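With the model open in your viewer, please follow the stops below in order, making each selection before reading on.

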Amino acid sequence: MTVKECKVQLEYTPDLVSVPITYRLARDLGLEINILKAAIDENGGKMILFLKGEERIVAEGLRSLEKARVRVKPLGDYVVKDDARCIDCGGCVSLCPMSAYVMSLDDYKVRLDQSKCVACGMCIDSCPRGAIALNQ
Ligand code: SF4
Ligand code: SF4
């Protein structure tokens, strides 16, 4: 069995906000799902979702979203941090909308959790040391 993990952005129109779309992915298909970020109200909105499961089931899940008329945008990229350049200033910690950076209170080092990154690029532009780049 090939396991696939992916991050996608879902765009909801107002008629879809009350439909339990992500719940169905877990209940009907058995996919592991994690909502990384959501900004949805009665007017619609966006959600960033992490999906994990058997490759063909993940593909089926994505097809079911599209069938339900949810716009799905794959978020394939993430950033990497060059620890040799980083001076642990903490700028990226407060800036990242996904809380992908954490400063450890043990050693005051900044660490990146790539699984949370959605490659928005905000930290790349703001790092004073040029320590962050897209993983491409
Ligand atoms: S902004 Fe740059 S230098 Fe500062 S903690 Fe983040 S990666 Fe390190
Ligand atoms: S690219 Fe965006 S989501 Fe990824 S770590 Fe940087 S600020 Fe966070």
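Begin by selecting the strands of this predicted model, where an open sheet of 4 strands appears in the order S2-S3-S1-S4, with antiparallel pairing. Strand S2 (32-41) and strand S4 (71-74) stand at the edges, and because each has a single partner strand, one side of each is left without a neighbour in the sheet. If you look across the strands, the twist from one to the next averages 20°.

Next, add helix H2, residues 55-67, which packs on the sheet and touches S1, strand S3 (44-54) and S4. The direction of H2 makes about 160° with that of S3.

Now turn to one edge of the sheet and select strand S1, residues 3-12, together with S4: these two run antiparallel and are joined by 4 bridges. Within this pair, Leu10 can be picked out opposite Val72 in S4.

At the other edge, select S2 and S3, which form a hairpin with 2 residues between them. The two strands run antiparallel and 9 bridges join them, and Ile33 is found opposite Leu51 in S3.

For the last stop, leave the sheet and centre the view on the ligand. Which residues come nearest to ligand 1? Of the 14 residues around ligand 1, those that come nearest are Cys86, Cys89, Gly91, Cys92 and Cys127. Colouring the shell around ligand 1 by class will show 9 nonpolar residues, alongside 2 polar and 3 charged ones.

How values were computed:
Residues numbered from 1 in each chain as written. Chains lettered and ligands numbered in written order. Predicted model: local features only at pLDDT ≥ 70, side-chain atom pairs only at ≥ 80, totals over all residues. Near = placed C-beta within 6 Å. Nonpolar A, V, L, I, M, F, W, Y, C, P; charged D, E, K, R; others polar. Pairing = 2+ DSSP bridges. Axes fitted to C-alpha atoms, helices over the stretch in contact; angles between N-to-C directions. Contact = placed C-beta atoms within 7 Å.
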